[in-house]
Amino acid sequence: MLATIKKISRHRLSWFLLLLSTLALLASGLYFQYVLNLQPCIKCIYIRAAFAGILVAALLGMLAPRQSVVRLLAILLWITSAVIGVYHALALVNIEQTIAAGGFSSCALFAEFPSWLALDKWLPSVFEVTGSCGSVDWQFLSLSMAYWSMVILAAYSLTAVLVLIGQFGRISNNPYR
């Protein structure tokens, strides 16, 4: 099974599907922001940055999927981005639940990206904070956007870990196996 996972990760199509899925999720976030006028809070922006990190990992994996070093770097970036995204999505879900229960919670008004990765300065139309945390303006199957983001990013994390484990499989050149 590990060898099968490794074989799949060595094809550009698998990395392209990862790229396509994250691109669709980022596009849907921009649709919610600019068409439905649901303004993103700081946690939403961090979640969006996590999806962008997975997108970059997919691009990296597409460059040279047969080179193990490049593939491993792409997988590590994928895992890191997805886990950071789960962390921020869980924090946002907790803020939403606190406010829904009648409590008080708030978050920062400005993103704190490192100076070497100032996404909010480079692409303000995508990564600028324009909303506040805690308001649940959209739901699907009675779950908020933050909750769905947490589920999707957890699935990405689990998949990335499985792909990482699969890299330890040995691919046999024996045509009779």
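**Exercise 1. The nonpolar core**

Task: In this predicted model, determine which residues of the largest nonpolar core touch the most other members, and which element gives the largest share of this core.

Solution. Step 1: the largest nonpolar core holds 38 residues, and those touching the most other members are Leu-18, Ile-54, Trp-78, Phe-113, Phe-127 and Tyr-156. Step 2: two or more residues of this core come from each of H2, helix H3 (42-63), H4, helix H6 (124-127) and helix H7 (145-166). Step 3: H3 supplies the largest share, eleven residues. Step 4: the surroundings of Leu-18 can then be listed. With neighbours within four places in sequence set aside, Leu-18 contacts Ile-54, Ala-58, Trp-78 and Tyr-156.

**Exercise 2. Aromatic pairs**

Task: State how many aromatic pairs there are, and classify the pair of Trp-15 and Trp-78 and the pair of Tyr-31 and Phe-32.

Solution. Step 1: a pair of aromatic rings is described by the distance of the centres and the angle of the planes. Step 2: centres must lie within 6.5 Å, and planes over 60 degrees apart count as edge-to-face. Step 3: the count under this rule is three aromatic pairs. Step 4: for Trp-15 and Trp-78 the centres are 5.8 Å apart and the planes make an angle of 70°, an edge-to-face arrangement. Step 5: this pair joins distant parts of the chain, with Trp-15 in helix H2 and Trp-78 in helix H4 (residues 68-100), 63 residues apart. Both Trp-15 and Trp-78 are buried. Step 6: Tyr-31 and Phe-32 have ring centres 6.2 Å apart and planes at 70°, so this pair is edge-to-face. Step 7: the accessibility of each ring's residue completes the description. Tyr-31 counts as partly exposed because its relative accessibility is 43%, whereas Phe-32, at 13%, counts as buried.

**Exercise 3. A nonpolar surface patch**

Task: Identify the residues that make the nonpolar surface patch of about 380 Å², and decide whether Leu-13 is buried or exposed.

Solution. Step 1: the patch is made by Leu-13, Phe-16, Leu-17 and Leu-20. Step 2: Leu-13 belongs to helix H2 (residues 12-34). Step 3: the relative accessibility of Leu-13 is 56%, so Leu-13 counts as exposed.

**Exercise 4. Two loop residues**

Task: Locate Asn-37 and Ser-106, and describe the backbone or spatial feature reported for each.

Solution. Step 1: Asn-37 sits in the loop between H2 and H3. Step 2: most residues other than glycine have a negative phi. The phi of Asn-37, by contrast, is positive, near 60°. Step 3: Asn-37 is exposed, its relative accessible area being 55%. Step 4: Ser-106 is placed in the loop between H4 and helix H5 (119-122). Because its relative accessibility is 54%, Ser-106 counts as exposed. Step 5: Ser-106 lies eleven residues from Ile-95 in sequence, and their C-alpha atoms are 7.5 Å apart.

**Exercise 5. The chain as a whole**

Task: Give the secondary structure pattern of the chain, the percentage of its residues that count as buried and the extent of its accessible surface.

Solution. Step 1: the chain contains seven helices and two strands, in the order α-α-α-α-α-α-β-β-α along the sequence. Step 2: 40% of the 177 residues count as buried. Step 3: among contacts with a separation of 6 or more, 80% are between residues 24 or more positions apart. Step 4: the accessible surface is about 10,500 Å², and carbon and sulfur atoms account for 68% of this area.

Conventions
Residues numbered from 1 in each chain as written. Predicted model: local features only at pLDDT ≥ 70, side-chain atom pairs only at ≥ 80, totals over all residues. Heavy atoms only, no water. Patch = residues over 30% accessible without salt bridge, like charges linked within 9 Å, V, L, I, M, F, W, Y side chains within 5 Å. Areas by Shrake-Rupley, 256 points an atom, 1.4 Å probe, with all protein chains shown as cover. Salt bridge = Lys/Arg side-chain N within 4 Å of Asp/Glu carboxyl O. Helix = DSSP H or I, 4+ residues; strand = E, 2+ residues; numbered from the N terminus. Buried < 20%, exposed > 50% of the residue type's maximum accessible area, 1.4 Å probe, protein only. Phe/Tyr/Trp six-rings, centres within 6.5 Å; stacked < 30°, edge-to-face > 60°. Core = buried A, V, L, I, M, F, W, Y, C linked by side-chain atoms within 4.5 Å. Contact = heavy atoms within 4.5 Å.
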